[in-house]
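Here is a short set of exercises to work through with the model open beside you. Try each task first, then compare your steps with the solution.

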Amino acid sequence: MNESPAMRFIALSALRTLYQVCTVAYGIGLLLLGFWSRFLSHQSQVIVLGYHSVGNTRLHISMPVADFDRQMRWLQRRSTPVLTIEQLINFITLRHPLSQDSVLVTFDDGFRDNLTQALPILRRCNLAAVFFVPTFHVGDYYTWDGNRGSRQHRILSWDDVRSLAAQGQQIGSHGVTHARFSDISPRDVEWELRESAAAIEGRLGQRPTGIAYPYGDMGEAEKTANSAKRLGYQVGFTVVPRPLLGGQPTFEIPRYMVDRFSGRDPFTTFVLYLTCLFGTFRWYESLGTAAKRSAHYLFAVVDDAGGRN
Ligand SMILES: [Zn+2]
């Protein structure tokens with residue numbers, strides 16, 4: 001009797017069974033993670049969502065209108081509380097408890113389509129958002145990020161910004177020039193913070209309480225936070241993707257940038273963000289991919305060894 005084919009058959013069958021057991025265990029684990037993060041986590045949290053452009057453009061930071069509409073309707077249908085910036089501040093600093101997990105909707109860069117495309121959807125769903133504008137670029141075009149001289153994507157004018165504010169939306173600072181704070185000195189960071197607040201106050205008659213750091217980059221975090229506080233800001237937003245809990249540092253507010261999908265389906269990604277699964281899910285997904293690769297490698301080795309006999 002030739003032992004090799006029999007041994008190979010047994011080894012492959014054992015591996016296959018193990019693989020199937022692991023796949024089932026992985027699926028059950030995924031369900032349990034979802035259950036844990038939805039039902040067993042007692043503390044309410046806020047998911048801060050970050051958008052840029054909303055439009056059917058080819059811009060990599062554009063959320064298609066239909067997708068944005070679907071996402072806002074999802075929030076409305078589930079009666080998810082959508083906070084104002086003041087409510088968010090009270091939640092972090094005064095630890096005002098929230099009745100349930102809540103959301104803050106934000107937009108960076110002040111694309112004009114925020115007024116023409118996003119606002120009608122927000123109004124239809126009765127939602128308010130915060131629009132962070134880089135004040136030097138107001139009334140101009142999206143000319144940073146290697147788009148110097150481009151006249152393709154318009155930025156809100158001051159009339160547009162006033163119109164947003166008049167319709168119950170909130171306006172925050174996104175700096176003056178959209179410079180990355182790590183690339184400039186703390187003095188220049190302070191200038192960006194001061195001048196953008198002054199420009200907004202001059203045009204709207206109201207000082208902004210929030211700043212979204214361009215690229216989510218605080219530069220020297222402590223100095224930036226101190227300058228911002230001194231200049232009357234109360235909150236600063238990064239792009240660190242995790243939920244916000246009460247009592248966290250007010251100038252390092254985490255935010256999920258919804259328009260950066262890395263190849264995922266926009267709606268699935270959105271729901272994952274909002275069910276607070278994303279961080280855990282991403283980690284779990286990588287674990288699954290690594291395990292699958294190892295299993296395939298093992299199959300190939302056993303098969304190859306058998307083939308050589
Ligand atoms: Zn920006």
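The expected span of a helix is 1.5 Å times one less than its number of residues. Keep that rule at hand for the first exercise, and bear in mind that this is a predicted model.

**Exercise 1. The span of helix α4**

Task: Work out how far apart the end C-alpha atoms of α4 should be, and find how far apart they are in the model.

Solution:
- Step 1. Locate the helix: α4 covers residues 113-124.
- Step 2. Apply the rule: at 1.5 Å a residue, the twelve residues of α4 should span 16 Å.
- Step 3. Compare: the end C-alpha atoms of α4 are 16 Å apart, which agrees.
- Step 4. Look at the covered residues: Asp113, Asn114, Leu115, Gln117, Ala118, Leu119 and Leu122 are buried.
- Step 5. Find their partners: the buried residues of α4 pack against β2 (53-54), α2, β4, β5 and α5.

**Exercise 2. The sides of helix α6**

Task: Which residues of α6 are buried, and which are exposed on the other side?

Solution:
- Step 1. Check the helix itself: α6 (residues 186-204) has 19 residues, and its first and last C-alpha atoms lie 27 Å apart, close to the 27 Å expected.
- Step 2. List the buried residues of α6: Val189, Glu192, Leu193, Ser196, Ala197 and Ile200.
- Step 3. Place them around the axis: these residues cover an arc of only 110°, so they lie on the same side of α6.
- Step 4. Turn to the other side of α6, where Arg187 and Gly202 are exposed.
- Step 5. See what the buried residues pack against: β6 (170-173), β7 (210-212) and α7 (221-230).
- Step 6. Step past the helix end: just after α6, Gly205 has a positive phi of about 75°.

**Exercise 3. Glu192 up close**

Task: Is Glu192 buried or exposed, and why?

Solution:
- Step 1. Find the residue: Glu192 sits in helix α6.
- Step 2. Recall the cut-off: a residue is buried if 20 or more other C-beta atoms lie within 10 Å of its own.
- Step 3. Count: Glu192 has 28 C-beta neighbours inside 10 Å, and therefore counts as buried.
- Step 4. Name the contacts: leaving aside neighbours within four places in sequence, Glu192 is in contact with Gly175, Val176, Thr177 and Ala179.
- Step 5. Add a distance: Glu192 and His178 are 14 residues apart in sequence, and their C-alpha atoms are 8.7 Å apart in space.

**Exercise 4. Walking across the strands**

Task: Starting from β1, follow the strand pairings through β4 and β5 to β6.

Solution:
- Step 1. Strand β1 (residues 46-51) pairs with β4 in the parallel sense over six bridges, and Val48 stands opposite Leu104 in β4.
- Step 2. Strand β4 (residues 102-108) is mostly covered, with five of its seven residues buried.
- Step 3. β4 runs parallel to strand β5 (residues 130-133), joined by three bridges; here Phe107 stands opposite Phe131 in β5.
- Step 4. Between these two strands comes a helix: β4, α4 and β5 make a right-handed β-α-β unit.
- Step 5. β5 and β6 also run parallel, joined by four bridges, and Phe132 stands opposite Gly172 in β6.
- Step 6. Another right-handed β-α-β unit is made by β5, helix α5 (residues 158-166) and β6.
- Step 7. Check both faces of β6: Gln170 and Gly172 are buried on one side, and Ile171 and Ser173 on the other.

**Exercise 5. Positive phi without glycine**

Task: Where are Ser79 and Asn126 found, and why does each count as exposed?

Solution:
- Step 1. Start from the general rule: most residues other than glycine have a negative phi.
- Step 2. Ser79 has a positive phi of about 50° although it is not a glycine, and lies in the loop between α2 (65-77) and α3 (85-93).
- Step 3. Asn126 has a positive phi of about 60°, again without being a glycine, and lies in the loop between α4 and β5.
- Step 4. Recall the cut-off: a residue is exposed if 12 or fewer other C-beta atoms lie within 10 Å of its own.
- Step 5. Ser79 counts as exposed because it has 8 C-beta neighbours inside 10 Å.
- Step 6. Asn126 counts as exposed because it has 10 C-beta neighbours inside 10 Å.

How values were computed
Residues numbered from 1 in each chain as written. Predicted model: local features only at pLDDT ≥ 70, side-chain atom pairs only at ≥ 80, totals over all residues. Arc of directions from axis to C-beta. Contact = placed C-beta atoms within 7 Å. Pairing = 2+ DSSP bridges. Right-handed = clockwise from strand over helix to strand, strands pointing away.
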